[in-house]
Structures are given as structure tokens and as C-alpha cells.
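These notebook entries record what I looked up in one structure. I began with the strands and then turned to the helices and the open space.

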Amino acid sequence: LFERIVVMKYSGQRECILEYLRNTKCHPTAETVYHNIQAKYPKISLGTVYRNLTLLTDLGEINKITAFGGPDRFDGNTAPHYHFICRDCGAVLDLEMDALTHIDLLAAHNFEGRVDGHITHFYGRCPDCITKNPNKKQ
């Protein structure tokens with residue numbers, strides 16, 4: 001019935017983090033984000049970066065990617081798309097494929113709740129790891 005409106009103070013650091021994530025395809029860790037924005041904000045702390053990444057994720061401005069016990073990765077592209085995660089090196093790569101929106105309909109078919117979307121990760125070995133060790137099976 002009532003919408004919750006969140007009013008936040010402007011943060012140049014948060015804007016810098018968001019801009020960095022929207023302009024990279026490398027799916028960086030928090031530490032990578034921290035090192036990349038230190039040039040503009042040399043006094044920023046890693047804790048500030050983590051807090052802003054959490055806030056931006058909660059607001060739906062970025063996506064957090066968690067897989068295989070490695071560090072979380074972040075993606076500034078919030079459009080529906082899929083990721084490939086390499087089991088060897090942990091690389092996170094965008095997959096060029098159409099979004100499988102029909103999965104949401106299939107999931108909702110016999111479910112009394114509401115399906116709003118899905119997250120799917122594909123995994124295996126990335127091209128670089130295959131090139132480095134082509135005979136490795138897993």
C-alpha cells in the first residue's frame with residue numbers, strides 16, 4: 001500500500017564505483033574496484049568500497065556474482081544476461097546469448113508464489129585455461 005522512498009545523500013565515491021562497474025566487462029572483486037578508484041579517491045577505504053557495493057547491489061544498480069567459494073564479483077550490467085565461471089582460474093565472463101525468460105514462466109507454472117526472475121551461471125573451463133592445459137579433463 002505504501003511505497004518506501006529511500007533518500008540518500010549524494011556520494012562522489014559511490015558514483016565513481018558505479019561508473020567504474022558500468023564501464024568494465026571484467027566482473028571485478030571489491031579489492032579490484034578499490035584499487036581502480038584509488039587514483040581519484042586516494043583516501044577511500046576498502047570498507048567504504050564494500051559498503052557502497054552492498055548498497056548498490058541492494059538498490060539493484062549492480063549485480064553481485066557469487067560462485068565456487070571465491071570472492072564475490074560485481075557487474076554493472078543489470079540487463080538480463082548470463083555468466084560463465086571458470087572452474088580453474090575463477091574468471092567470470094559474459095555469455096552472448098538471449099535471455100531465457102520462458103524459464104520464469106515454467107518455474108511459476110506450478111508455484112503458488114510469484115517468480116520475479118532467475119539467476120543462472122554456466123561453468124567449465126575458459127578458453128585461456130584450455131589453451132594453457134588442453135589435456136586437462138576437469
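**Entry 1: the sheet**

In what order do the strands of the open sheet stand, and with what pairing? I worked on a predicted model throughout. I read the order as S4-S3-S5, in an open sheet of 3 strands with mixed pairing. Strand S4 (92–95) and strand S5 (121–124) are at the edges; each has a single partner strand, so one side of each lacks a neighbour in the sheet. For the twist, I noted an average of 30° from one strand to the next.

I then took the two pairings in turn. S3 and S5 run parallel and are joined by 4 bridges. As one point of register, I noted that His 83 has His 121 of S5 as its bridge partner. The pairing of S3 with S4 is antiparallel, also with 4 bridges. There I noted Val 92 of S4 as the bridge partner of Ile 85.

I also looked at the hairpin that S3 and S4 form. It has 5 residues between the strands, and Gly 90 in this hairpin takes a positive phi near 80°.

**Entry 2: the chain as a whole**

I counted the elements next: the protein chain has 5 helices and 5 strands. Along the sequence they follow the pattern α-α-α-β-β-β-β-α-β-α. For the extent, I recorded a box of roughly 50 × 45 × 25 Å, filled by the C-alpha atoms and taken along the principal axes.

**Entry 3: a helix pair**

At what angle do the axes of helix H1 and helix H2 cross? I found roughly 110° for H1 (residues 12–22) and H2 (residues 30–37), with the axes coming within 10 Å. I therefore entered H1 as roughly perpendicular to H2, since angles of 65 to 115 degrees count as such.

I listed the residues that make the contact. H1 contributes Cys 16, Ile 17, Tyr 20 and Leu 21, and H2 contributes Thr 32, Val 33, Asn 36 and Ile 37. Sorted by class, the contact has 6 nonpolar and 2 polar residues, and no charged residues.

**Entry 4: the largest pocket**

How much space lies in the largest pocket? I recorded about 420 Å³. The lining consists of 21 residues, and those closest to the centre of the pocket are Asn 63, Pro 80, His 81, His 118 and Ile 119.

I then asked which elements give two or more residues to this lining. They are strand S1 (63–65) and strand S3 (82–86). S1 gives the most, with 3 residues. S3 thus appears twice in my notes, in the lining of this pocket and in the strand order S4-S3-S5 of the open sheet. By class, I recorded 7 nonpolar, 11 polar and 3 charged residues in the lining of the largest pocket.

Notes: Residues numbered from 1 in each chain as written. Predicted model: local features only at pLDDT ≥ 70, side-chain atom pairs only at ≥ 80, totals over all residues. Heavy atoms only, no water. 1 Å grid on protein atoms, 1.4 Å probe; cavity = no way out; pocket = protein on both sides within 12 Å on 5 of 7 lines; lining within 4 Å. Points joined across faces, edges and corners; volume = space filled by probe spheres on them. Nonpolar A, V, L, I, M, F, W, Y, C, P; charged D, E, K, R; others polar. Axes fitted to C-alpha atoms, helices over the stretch in contact; angles between N-to-C directions. Parallel < 35°, antiparallel > 145°, perpendicular 65-115°, else oblique. Contact = heavy atoms within 4.5 Å. Pairing = 2+ DSSP bridges.
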